[in-house]
Amino acid sequence: MHFYRAEPTARTSWRLAILMGANSRTYKFALGSALLDFGREGRDSITLNELGQAYARHLLARDGGAAQAPTSSRMSDTDFLAVLEREREESVAIRQPTEKLVDAATRAIPLMVMQKFHNLRDIGQVAHTFYRLEGRGRDRHVRLTPALRDVAAESSGLTSELGARWSIVEASFDAEIGRRLLESGVELGADLTDVVVPIRRVPVTGLRSAIAGFQHGRCFYCRMPLAESAANGGDDPYAGRDVHVDHVVPYSWMKSGSWRGPNLNHLWNLVLACASCNLRKSARQPTASELETLLERNNAIANSPHPLRRTIDITMSASGPDAAVRRKQFMVAVQNTITDGRPTCSPV
Ligand SMILES: [Zn+2]
């Protein structure tokens with residue numbers, strides 16, 4: 001898979017698991033959050049009970065009304081999410097997951113989410129694994145791998161990518177807005193800060209955290225890690241003022257009326273760049289290789305289930321079985337529009 005070959009690191013394996021795995025529940029985000037916690041602490045082995053506690057805590061920390069499974073999915077009394085709902089009130093009151101909830105988590109996660117985390121439907125197991133179950137019976141424990149500690153050591157960006165992804169998947173599960181998101185994709189807030197629900201304009205999550213992972217957390221142009229350049233981001237390194245949303249094909253061409261191609265103010269044309277690259281680039285014409293990299297980034301988004309993919313499908317007119325070919329044709333058409341009808345407007 002191109003996304004992995006472009007940067008064959010543990011971070012990329014992590015992003016494949018988080019961003020591109022299928023979701024019928026949000027369990028893998030809770031597991032991922034718990035793993036990052038233990039990895040950051042430098043732990044190499046934890047008990048299943050410790051993992052169950054952290055896992056339940058992360059699920060409880062989500063907004064109580066947020067759907068963790070499609071609202072249409074049938075749920076039995078023993079479903080972990082049903083237990084979570086029953087134990088929520090008391091857990092909130094005692095400020096930690098109840099024993100019943102931790103028990104249920106500890107029993108459920110080895111069978112459920114731990115088996116699936118590393119496995120992607122289309123490409124199989126990711127190249128780096130982050131844990132394995134060892135021992136039997138009472139000695140059963142979770143061995144955390146060096147790959148996890150590597151990833152966790154520089155996890156600020158990965159944490160906000162995970163949070164953004166979790167919010168997007170929750171929104172797609174939501175009874176009121178989920179169907180619209182899955183049909184129409186997300187839209188972007190007017191100032192390109194947020195990903196929003198069409199028509200109702202409800203923010204789902206930050207745009208920059210939502211798309212950073214699909215360009216490996218790096219500036220689109222100089223490849224410098226964005227999280228490191230954004231010292232002012234607080235909890236969310238991508239929210240710092242040093243991370244810019246950039247139009248690869250200059251938006252000024254469209255505003256001046258000289259552009260004859262597709263809408264330039266949409267996801268297919270938006271990438272993240274460090275401040276200096278963005279300012280240096282200004283309204284210059286993108287190179288052929290930049291357009292190729294943009295296609296690869298868009299292909300990566302198109303391989304992630306749920307609303308962001310839908311947005312790419314719609315804005316690149318590329319759904320259905322030939323979608324990959326159509327995305328390529330779309331970019332060829334963009335390239336042709338640039339060379340045939342080069343805008344006459346002068347660079348800013
Ligand atoms: Zn840069």
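**Figure 1. S282 in the loop between α14 and α15 of the predicted model.** The loop that holds S282 joins α14 (275-281) to α15 (288-302). The model shown here and in the other views is a predicted one. S282 is not a glycine, yet its phi is positive, at about 50 degrees. Within 10 Å of S282 there are 10 other C-beta atoms, so the residue is exposed; the cut-off for exposed is 12 or fewer.

**Figure 2. R95 in the loop between α5 and α6.** A second residue with a positive phi is R95, which is not a glycine either; the value is about 60 degrees. R95 sits in the loop that follows α5 (80-94) and precedes α6 (99-111). Inside 10 Å, R95 has 8 C-beta neighbours and therefore counts as exposed.

**Figure 3. Helix α2 and the elements that cover it.** Helix α2 spans residues 10-20, and because eleven of its eleven residues are buried, the helix is largely enclosed by the rest of the structure. Here a residue is buried if 20 or more other C-beta atoms lie within 10 Å of its own. The buried set is A10, R11, T12, S13, W14, R15, L16, A17, I18, L19 and M20. Among these residues are the charged side chains R11 and R15. The cover over the buried residues of α2 includes α1 (2-6), α3, β2 (119-120), α8 (146-153) and α9.

**Figure 4. Packing of α2 against α8.** One of the elements covering α2 is α8, and the two helices pack with their axes 9 Å apart, at an angle of about 85 degrees. This angle makes α2 roughly perpendicular to α8, since the range for that term is 65 to 115 degrees. On the α2 side the contact is made by A10, R11 and W14, and on the α8 side by A147, D150 and V151. By class, the contact between α2 and α8 holds four nonpolar and two charged residues, and no polar ones. An α-helix has 3.6 residues a turn, so residues three or four places apart point the same way.

**Figure 5. Crossing of α3 and α4.** The axes of α3 (residues 27-40) and α4 (residues 48-61) come within 8 Å and cross at roughly 120 degrees. The two helices are therefore oblique to each other. The crossing of α3 past α4 is right-handed. From α3, the contact takes A30, L31, S33, A34 and D37; from α4, it takes L51, A54, Y55, H58 and L59. Sorted by class, the contact of α3 with α4 has seven nonpolar residues, two polar and one charged.

**Figure 6. The open sheet β1-β5-β4 with helix α4.** Three strands, in the order β1-β5-β4, make an open sheet with antiparallel pairing. At its edges are β1 (45-47) and β4 (131-134), each of which pairs on one side only. From one strand to the next, the twist averages 30 degrees. β1 and β5 (residues 141-144) run antiparallel and are joined by three bridges. I46 has V142 of β5 as its bridge partner. Helix α4 lies across β1 and β5 and runs at about 80 degrees to β1. In a regular strand the side chains alternate between the two faces of the sheet.

**Figure 7. The open sheet β6-β7-β8 with helix α9.** Another open sheet of three strands has the order β6-β7-β8, and its pairing is antiparallel. The edge strands of this sheet, each pairing on one side only, are β6 (187-188) and β8 (203-206). β6 is joined by two bridges to β7 (residues 194-196), and the two strands run antiparallel. E187 stands opposite V196 of β7. Helix α9 (residues 156-173) lies across β7 and β8, at about 160 degrees to β8.

**Figure 8. The strand pair β9 and β10.** Strand β9 covers residues 243-247; four of its five residues are buried, so the strand is mostly covered. β9 and β10 (residues 270-274) run antiparallel, with five bridges between them. Opposite H247 stands L270 of β10.

Terms used:
Residues numbered from 1 in each chain as written. Predicted model: local features only at pLDDT ≥ 70, side-chain atom pairs only at ≥ 80, totals over all residues. Pairing = 2+ DSSP bridges. Contact = placed C-beta atoms within 7 Å. Axes fitted to C-alpha atoms, helices over the stretch in contact; angles between N-to-C directions. Parallel < 35°, antiparallel > 145°, perpendicular 65-115°, else oblique. Left-handed = near helix turned anticlockwise from the far one by under 90°.
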